[in-house]
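Subject: Structure handover

Hello,

Here is the structure you asked for. Please open it alongside this note. My findings follow below.

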Amino acid sequence: MSIVCGLPLLECVYCLACARWAWKRCLHTAGHDSETWGLATAEEFEPVPRLCRYILGVYEEDLRHPLWEPAGGYGINPDWLIRKNTYENAKGCAPPYIIYLDHEHADIVLAIRGLNLAKESDYAVLLDNKLGQRKFDGGYVHNGLLKAAAWVLDAECDVLRELVEKYPNYTLTLTGHSLGSGVAALLTMVVVHNRDKLANIDRKRIRCYAIAPARCMSLNLAVRYADLINSVVLQDDFLPRTATPLEDIFKSLFCLPCLLCLRCMRDTCIPEEKMFRDPRRLYAPGRLYHIVERKPFRMGRFPPVVRTAVPVDGRFEHIVLSCNATSDHAIIWIEREAKRALDLMLEKDKIVEIPAKQKMERQATLAREHNQEHKAALQRAVTLAVPHAYSPSQYGTFSDPEEGDNSSRSSEGSSYDPSKKSMKQESWDEMIDRLFEKDESGHLLFKKPNNDNSR
């Protein structure tokens with residue numbers, strides 16, 4: 001009898017919790033996520049629209065006769081295209097990509113396309129993950145995306161090594177959209193820990209731009225690699241904010257109300273501090289660039305503004321209830337708004353008429369500021385007791401990058417503890433043997449889940 005009498009009280013508590021959650025979500029807009037961040041400059045944001053067009057170029061079958069060319073074109077010279085990989089070539093191990101030698105910007109670009117809703121292999125990569133399944137470099141990463149990144153490097157390391165050696169003054173830029181952004185981000189980490197496969201390329205020559213990124217690495221890794229990885233998010237985009245494992249979302253499509261109720265109770269009852277201290281929780285990688293161009297509650301638009309930071313807490317933790325949550329994920333809209341934002345930045349610089357010498361000084365100042373901001377983020381991660389977070393000096397990232405990188409090549413579960421430097425590290429060949437198997441023709445294929453050691 002007492003239990004029956006208590007049911008109305010439990011229903012009231014549950015309804016109040018749901019009402020509180022809905023009230024908070026309805027009042028939360030995308031502008032709140034980055035309202036305290038600084039403004040990006042034209043110099044640092046310049047590659048973004050260009051790389052978006054390169055990613056769009058991956059969708060074309062023949063770049064000499066494009067069918068879906070955006071206004072202004074892709075900006076790709078077909079004669080500089082080194083490699084174009086398709087679904088047939090990848091055999092389901094990775095999304096299609098191109099390798100493009102951009103002589104105009106002194107850049108070696110590997111651009112990876114986003115999720116193809118009609119391809120089962122893309123879903124297989126995306127859903128090949130469980131919470132806490134794969135450890136890498138002292139943190140947790142998305143298992144399927146890591147395997148795809150390893151496949152890409154193993155398939156293209158000879159081509160990339162040749163280009164890196166032939167053009168020593170060119171940067172190596174890894175970029176992708178949506179599913180491809182996660183592959184590009186984890187490929188950056190794999191490259192950093194296997195630079196010997198790319199002629200010992202200088203760490204400073206490597207960079208990554210993850211467009212509309214998936215959550216693919218734990219918080220300590222997301223902050224640690226912020227000097228190399230840059231994530232670009234358009235206003236209300238849902239994917240960087242989706243903390244629920246993607247495999248759970250797809251499996252819960254037939255019981256979506258159940259999933260929403262669980263998210264409601266969790267967000268209401270669990271403090272954010274406790275959530276980001278979960279070492280298995282994945283986040284959008286690296287430095288964040290947030291493009292904001294709409295007023296709250298669809299009350300009009302204003303010229304797009306790009307804000308940037310290396311946040312530790314408040315890292316796109318809340319889904320925005322918006323009609324544009326899915327459209328803001330589209331690469332074509334991101335390219336368009338990024339181009340508008342960059343044009344406004346360049347127009348402002350042109351009005352001010354900054355001399356060339358001062359521009360160079362501003363670039364040097366910007367690099368120092370980013371370096372200091374990165375160090376501050378690493379230190380804040382330690383202060384907030386983020387699992388496996390360490391102060392900058394223990395990475396070797398700033399004072400001695402060579403030592404820090406070589407001491408942990410392809411190490412799963414490494415925590416950058418100096419006392420563990422003498423431990424045997426997993427080699428590249430051992431990593432490939434563990435993740436893949438060869439078919440009769442010698443092509444690499446993913447091992448079946450029951451043969452793949454997940455830890």
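Leaving aside neighbours within four places in sequence, which residues is Ser231 in contact with? The list is Ala210, Pro213, Ala284, Pro285, Arg287, Leu288 and Tyr289. Ser231 is found in strand E10, residues 229-234. Its relative accessibility is 0%, so Ser231 counts as buried. Please bear in mind throughout that this is a predicted model.

Overall make-up

The protein has 455 residues, and 53% of them count as buried. Its secondary structure comes to 16 helices and 15 strands. Take the contacts with a separation of 6 or more: residues 24 or more positions apart account for 72% of them.

Nonpolar cores

In soluble globular proteins, nonpolar side chains tend to be buried together. Here, the largest nonpolar core has 69 residues. Leu110, Leu186 and Met217 have the most contacts inside this core. Helix H7, residues 143-166, supplies the largest share of the core, with 13 residues. A second, separate core has 31 residues, including Phe45, Cys52, Ile55 and Val58.

Leu110 deserves a look on screen. Neighbours within four places in sequence are again left aside. Leu110 is then in contact with Tyr97, Ile98 and Ile99. The list goes on with Val152, Leu160, Thr173, Leu174, Thr175 and Leu187. Of these contacts, Val152 and Leu160 carry numbers that fall within H7, residues 143-166.

Two helices

H7 has 24 residues. From first C-alpha to last, H7 reaches 33 Å, close to the 34 Å expected at 1.5 Å a residue. There is also a kink of about 60° in H7, centred on Glu156. H7 is mostly covered, with 17 of its 24 residues buried.

Helix H4, residues 47-58, has 12 residues. It reaches 17 Å from its first C-alpha to its last, close to the expected 16 Å. How many of the 12 residues in H4 are buried? The count is 12 of 12. Among the buried residues are Pro47, Pro49, Arg50, Arg53 and Gly57. Cys52, Ile55 and Val58 are also buried in H4, and these three belong to the second core.

Strands around E13

Strand E13 covers residues 301-309. Two bridges join E13 to strand E1, residues 38-39, and the two run antiparallel. Six bridges join E13 to strand E12, residues 287-294, and this pair is antiparallel as well. Arg307 in E13 appears in both pairings. Leu39 stands opposite Arg307, and Arg307 is also the bridge partner of His290.

Cysteines

How many disulfides does a search of the whole structure find? It finds zero. Why does Cys208 have no bond to Cys216? Cys216 holds the closest cysteine sulfur, but that sulfur is 8.5 Å from the sulfur of Cys208, too far for a bond. A disulfide needs the two sulfur atoms within 2.5 Å.

Is Cys208 buried or exposed? Cys208 is buried, with a relative accessible area of 0%. Cys323, in contrast, counts as exposed because its relative accessibility is 65%, and the cut-off for exposed is over 50%.

Best wishes

Conventions
Residues are numbered from 1 along each chain as its sequence is written. This is a predicted model: local features need pLDDT of at least 70, side-chain atom pairs count only at pLDDT 80 or more; totals for chains, interfaces and linings use all residues. Side-chain values use heavy atoms; hydrogens and water are left out. A nonpolar core is a set of buried Ala, Val, Leu, Ile, Met, Phe, Trp, Tyr and Cys residues joined through side-chain atoms within 4.5 Å. Buried means under 20% relative accessible area, exposed over 50%, partly exposed in between (1.4 Å probe, protein chains only). Helices (H or I, at least four residues) and strands (E, at least two) are DSSP runs, numbered from the N terminus. Contact means heavy atoms within 4.5 Å. The expected span of a helix is 1.5 Å times one less than its number of residues. The bend at a residue is the angle between axes fitted to the seven residues ending there and the seven starting there. Two strands pair if DSSP finds at least two bridges between them.
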